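Here is a short briefing to read alongside the structure. Have the model open, and follow the strands and side chains as they come up.

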Amino acid sequence: MLYTLIRERILPIKINSRLSQYFINNSDYIRSFFILSERSMFIRFTLLLIMAQVSLTAGVQAQERADSISAHFVYAFGAEGDKPGEFRQPMGIDIDANGNVYVVDTGNHRVQRFNNKGVFLSMIGGFGWSREQLQRPMDVCASNGLDVFVADYENRRIERFDKDLHWISTYQSNPETEEKLTLGFPQSIALSRHGDLFVVDAENRRILKLNTLREAEMSFGDYDWGEGALLSPAQIEISLDDRIFVADQNAGRVMVYDYFGNYIQTIGQGVLKEPRGICMNPAGSLICVTDPVQDQVFVFTVAGRRLCAIGGLGSKFGALDNPTDVALHKNLLFITEGNNHRVQVFELQFEARP
Amino acid sequence: MMRQWWPVILVVLISPFLIKAQDAGKIDRIALFEKDVLILGEGRKGPYFLPDSLIIKDSESVYIDRQLQARAAYQINYIDGEIRFINSVPQGAKIRLIYKLFPYPIRKQYAHRSVIQRLLGSTTETISPLKTAKSEGEIDYAAQLNKSGSITRGVTVGTDRSLKVNSSLNINVSGKVADNVEVVAALTDQSTPIQPEGTTQNLQEIDKVFVQLKSPHFGATLGDYNLELPSSQFARYSRKLQGAMGTAQFSHFQFTASGAVSRGKYISQSFSGEEGNQGPYQLKGDRGQIDIIVLAGTERVYIDGESMVRGETNDYVIDYAAAQITFTRRRLITADSRIVVDFQYSDEKYRRSLYSAQGMGEMWDRRIKVMATFLRESDDKDNPLDFTLSEERLAILRAAGDDPQKAIVDGAAYVGPGNGRYVMQDSGIFRYVGPDSGDYRVTFSDVGQDLGSYAYKGGGIYEYVGIGAGRYAPVILLPTARNHHLFDFDVQLQPIPALKVSSEIAISTLDVNAYSPLDDQDNQGTAQEWKLQFLPDTLHVGSQKLGVVGLSARYRSIGDRFRDMDRTTEIEYNRRWNLPETTPRGERVRELEGHYNPFQGFSLTGEYGDIKKGDYFQSERWQLDTGLMRHQWPEYQYRIEHIKNKNITDVRMGDWWRQKGAMNWRIWKLKPLFGYEGEIKKENWSDTLYSGLKFNSWTGGLEVNASKKLFLSARYAWRNDQDYVGPDQFLDKSTAKTQQAMLRLQQLGALSASIEYTHRQRTFTDSSLGRKDTDLAEVRAFFKPWKNAVNMDLNYQISNTATAKKERVYIKVSPGEGNYRFDPQLKEYVSDPLGDYILRVLTTDELVPVIELKTSTRLRLEPAKFYASKNKSTAALKSWQKWLRALSSESFIAIEERTQEDEIWSIYLLNLNRFQKQNVTMFGTMQFRQDFYVFEHNRDFSLRLRYTSRDEMNNQYLEGGQKRKEREYNLRMTNRFFNKWSSQSEINHKQLARSFFGQDKQNRDIYSNQIRFDLVYRPKQRLELALESRLSSEEDRFYSPATKVLAFSFLPRFVYSFLTKGRWQAELEWSRVDVKPGNRLLPYEMANGRSPGSSLRWDVRFDYRVSKTIQASLSYGGRSEPERQGTIHTGRAQITAAFR
């Protein structure tokens, strides 16, 4: 009876407790132990207290440990320069479902494609404002596996390429576009599962939504957005349940909106100083944020609880200097570093299911 | 008593250990899961044995001396734990492998049932029961698949348009679908919006489907993919396809099959560069036509036999839609540059299907390798794509046989007076007379440069220029349908490790006109190749190693009628044998090659061979190569070759000597360089007719690796060219001097920079050719001092290129579906989101040589970053420092100039007075932007002062030139007060001047002042009420008296949100425009594009999330405007279902 009570009433409360899991996994042994001890009321009561205490203690410890994530450096690629495979101030990164890694090489005004081992495959761009040229590209989005969208900052346009980085089309505002829907300097870009593009407009400090016909449909996060107003939006990410996460750099927080731009919550306030890059795991349970001021990458749950911090100032492998963006592929975390001009890859070890 | 307590004590005692044990398990798991292994190189390729077997496939990262190795650089046996490298790993080099292992011990073999053991003499056997997997052990792969995507259906209806259905589908799937089977799939049917500049890829060329299934032994790709079959000599094949491909791969057998629709036609084009012209160079189709679209990514570009890499920061860029290639500043193009481009272009004449199959097998311990390849490309002759096949045309095609010149029909049709655009003159020449002014409707076709009699003048006008002087003719070319088959069989035998014998035989059939049975007797051809190789092996005399020796012999025979489908010869094959431009396809080649490496780093190679092309041509050549590449030794490479050829039919004798060498030696931080190249080519056509050349090119240089942060290099090359004019007589042709300098600084304090400059001067002896200068330069600099409070970057580029003349063509579409409309009063097409025209920009083949300058610089000042300190609070700052923190600014300048200006240094040195000159500038633009912020990152109050200017001159269009000048002063202030109120105010002064030359358009000189105020009230987070008002006063001073416009607008708006569910949005705009004098034409740049009078626009939109996966939106808009008749209503409904 006591066994049943503990198993059915107490242990389920301790979600993620390894002791609970241990209890369940080894139930045959523990059941016999309890049957033996059920003879005494005192023992039962004491056991209940102890188990509750142990369970609580283990729960807290296990929560820390189980919900935390450790990261191990795996490899790095890139160095300062302008040859294929080299970078100057890389500012953005994204990975498609096939494992191709797209890095925005901002200082060299180009986007480079690598395989997930860091081997260079192809590139597009180069300084300029003609077709296939870029001027301070800031972000790339390759999430749908067929298209690669690039935020071409100084040219005030969004460039669409195919997966092999051949130009397809350009989006930019017409002079006739109404003020609320005008695209200024695109800083970041994300594609939703509905096929809509969301663009961070750094000039007007807002998010612009382009529908599937690539018409500017609405904007949000502007000065008129009340609590949801953005101060200096840097990066955007959209979860599979249609929540929109925006790293608000100078406000030191990540803002969360629903798909219609309604403000929901804030993440990382007090922990983050100047969040910039942002990415999520496919399950949508974790959010990774780079903080160039602290030279670290923080991992949060979507509820906003900090799980771990990676890096620290330095140029050795494992340390970071001005981490600008982050992307997650399976359990590999790719981080671009603006000052070390490289991409570092860390493997995330999940202690328990988040 | 103690007995009763022991369980409690036991639990208390073991609890920490239980927790600890789990920690320990975690460490073990991690340690077991990943391995980091270091091995030292032994100066050989391998195998190198790893300490583990059963390594997880593709989990490895391999480094040699910290350099990550590409997957193609090594082979790894995951089961046995062995690695081999393609190239030898130097002695002592550090090979680092990081790989993953299974975290539990695994046997190499597992059996589903126990092994049946029948004991000798026993009559019974025990069969173990079938073990079924436990249900809790099964993996739910479907649940682990990453799926996303959506399907959208929408309708748009309006009073000015018919009902239009919008739909789109996007699907993305990735993950495992079964044990060891992984899928990656992406699919979309989304179309590409019309580009404002009228340039877009052909929609059919955009990849829309990609499905890939991978397992250890099988793979499949569906959708758009690249098929590469590189292994054989005669059946090499590389195509961009749309269809399906499957592969099977086992240890001794491999099979690939593909069935697809070919998206392009393969062609190889060779041409020489032009002195002082980096491009663009026009790529042409098989008939020399230029209106082709190159399939993206199919091009392979070579200069002087060296493969080029695409990219502005690499060797070349390519405009696929215009089929033009331009070389970057990194790759100097001269008249001596030999350029080869292999590519596929869109040839939408017939649907072309392709089937391919290739099987490879290995046997006798891999000593015998067999490969068979079948390829079939066939046009669907019953369904031509862009023309109709009448009985008359079919008869022409049947009678044409294999001669495409016979498959033509007359392009001129008499349509009666006033119905055509051309008239026929007595000589049979057609002359353009204007729309509805002639009596002939004429279709012209591109028949190739200098094969036609007409030239294109733009605007649909063709003009007679003389027979053989143009590229167009008044004919319609009927494309023939082709069928091409190729079968190839290749066998390799390696009885002993040092000896390899291989043979390849191929049969092809090509019917160039599937409609016609004529000329089919020459469709089939064969080719064969035999090879004998003594593979490189160490030569021993007793125990003494005398180095590595290798020998090979090759015999190749190709029949006259054999036709390959892709490149089957090396790049510059004609140069290798000194083949004339046109030779018969058939040939017989014999070659011998041997090499000897007496010690590591030193090599000697010799080649001898001859070629015979029937009774027409024969040539023989020999070549010697030697090189030394050894650490801390001087390095050199040298090659000498000699080709002697005889053209039997016209008794032409040729003799060609070629030499090329380079050497360098690293001494401390210096590396002197030296190079030489020379050729003597003599061709005697007769006793008095000679052709040939002689040149000597000397290069010297020095590289300085001063430190990790500083690198310098300088080179100087001198080349003298002579023409062969008689027996041992050469006449000076030209002298070229090339200087190159480079400087690289990497993070020298706050500065990083790179400077590259190339100057070439070629002086011709013939004074009419004069001197040709080429300048290429690139400068990049980054300067970020004082904790990034100052952030500056600079880009500067110069190049010698050519600019193509362009033509704007407006195509009529249904009302509301275009983005331009024609304004009959202004006589120009004006931008209109509800327009009935779309724009296409066509590039002509009229290329104008120019020098091109492109530069931009940006300077951002943020004092707040300088005063930001982790240990210093804001209170410690002085008041002026606090104020300084509130200020920031950004300046941006961009300049582009493509000009024929003679004073080139005034352009290079940015003497702006020489920029944008009407008679020499093809295109020029100058932009300047200055932003000044007060409290840039403050939500309660922020102020921005902006000044922008833009000057532009465009002479690129056939229709005429245009000059544009813009100036704008802007003040923007954003406030938030009382927590619920916020506002944005803008004051704007703008000047716009446009002047046109060579075309009948109205000039402008507009001055405008505008005030905009947006007041927002948000009583709750979910509700927004706002009112925006605008007042503007504008003058067009081009006229006297000036045209004056007074305009004002009110825009109330309302937004109501349902958190996570949706939102309502409604907006109304009322505006009034008054013009004085009232009869003036109003350019669309004035009054925000509105016409005089009152306008009303409204928009209502409702977005709602029906469920977690379904969203719906409804919108309705209307506009009542003076320039349109009646009120236009537009409604749109859309529903999107997302998958997950």
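In this predicted model, strand S16 of chain B and strand S20 (residues 324-327) of chain B run antiparallel and are joined by two bridges. That pairing belongs to an open sheet of three strands in chain B, ordered S16-S20-S19, with antiparallel pairing. The points below start with this sheet, then turn to a core, a second set of strands, a surface patch and the cysteines.

**The three-stranded sheet in chain B**

- The edges of the sheet are strand S16 (281-282) and strand S19 (316-319) of chain B, and each of them pairs on one side only.
- Between S16(B) and S20(B), you can find B:Tyr281 opposite B:Ile325 of S20(B).
- B:Gln282 has B:Gln324 in S20(B) as its bridge partner.
- On the S19 side, S19(B) and S20(B) are antiparallel and share four bridges.
- B:Gln324 of S20(B) is also the bridge partner of B:Asp319.
- S19(B) and S20(B) make a hairpin with four residues between them, and B:Ala323 in that turn has a positive phi of about 55°.
- As general background, strands of a sheet pair through backbone hydrogen bonds, in either a parallel or an antiparallel way.

**The largest nonpolar core**

- Which residues have the most contacts inside the largest nonpolar core? They are B:Leu283, B:Ile325, B:Phe327, B:Val341 and B:Phe343, in a core of 21 residues.
- At least two residues of this core come from each of strand S15 (265-272), strand S17 (300-303), S19, S20 and strand S21 (338-345) of chain B.
- S21(B) supplies the largest share of the core, with four residues.
- B:Ile325 links this topic to the previous one: B:Ile325 is among the core residues with the most contacts, and B:Ile325 stands opposite B:Tyr281.

**Strands S37, S38 and S39 of chain B**

- Strand S37 (residues 544-558) of chain B runs antiparallel to strand S38 (residues 587-597) of chain B, and 11 bridges join them.
- Along this pairing, B:Val549 is placed opposite B:Tyr596 of S38(B).
- S38(B) also pairs with strand S39 (residues 602-613) of chain B, in the antiparallel sense and over nine bridges.
- B:Arg588 has B:Lys612 in S39(B) as its bridge partner.
- S38(B) and S39(B) form a hairpin with four residues between them; B:Gly601, in the turn, has a positive phi of about 100°.

**A nonpolar surface patch**

- B:Met363, B:Trp364, B:Leu493, B:Val501, B:Leu532, B:Phe534 and B:Leu551 make up a nonpolar patch on the surface, with about 600 Å² of accessible area together.
- Within the patch, B:Val501 lies in strand S35 (residues 499-511) of chain B.
- B:Val501 counts as partly exposed because its relative accessibility is 30%.

**Cysteines**

- How many disulfides are there over all chains? A search of the whole structure finds zero.
- Why does A:Cys279 have no bond to A:Cys288? The sulfur of A:Cys288 is the closest cysteine sulfur to that of A:Cys279, but the distance is 4.1 Å, so the two are too far apart for a bond.
- A:Cys308 is in no disulfide either, and its nearest cysteine sulfur, that of A:Cys288, is 7.7 Å away.
- Buried or exposed, what is A:Cys279? A:Cys279 counts as buried because its relative accessibility is 4%.
- A:Cys308 is buried too, with a relative accessible area of 9%.

Methods
Residues are numbered from 1 along each chain as its sequence is written. Chains are lettered from A and ligands numbered from 1 in the order in which they are written. This is a predicted model: local features need pLDDT of at least 70, side-chain atom pairs count only at pLDDT 80 or more; totals for chains, interfaces and linings use all residues. Side-chain values use heavy atoms; hydrogens and water are left out. A disulfide is a pair of cysteine sulfur atoms within 2.5 Å. Buried means under 20% relative accessible area, exposed over 50%, partly exposed in between (1.4 Å probe, protein chains only). Two strands pair if DSSP finds at least two bridges between them. Patches are made of residues with over 30% relative accessible area and no salt bridge: like charges are joined within 9 Å, nonpolar side chains (Val, Leu, Ile, Met, Phe, Trp, Tyr) within 5 Å. Accessible areas come from the Shrake-Rupley method with a 1.4 Å probe; for residues, only the protein chains shown count as cover. A salt bridge is a side-chain nitrogen of Lys or Arg within 4 Å of a carboxyl oxygen of Asp or Glu. A nonpolar core is a set of buried Ala, Val, Leu, Ile, Met, Phe, Trp, Tyr and Cys residues joined through side-chain atoms within 4.5 Å.
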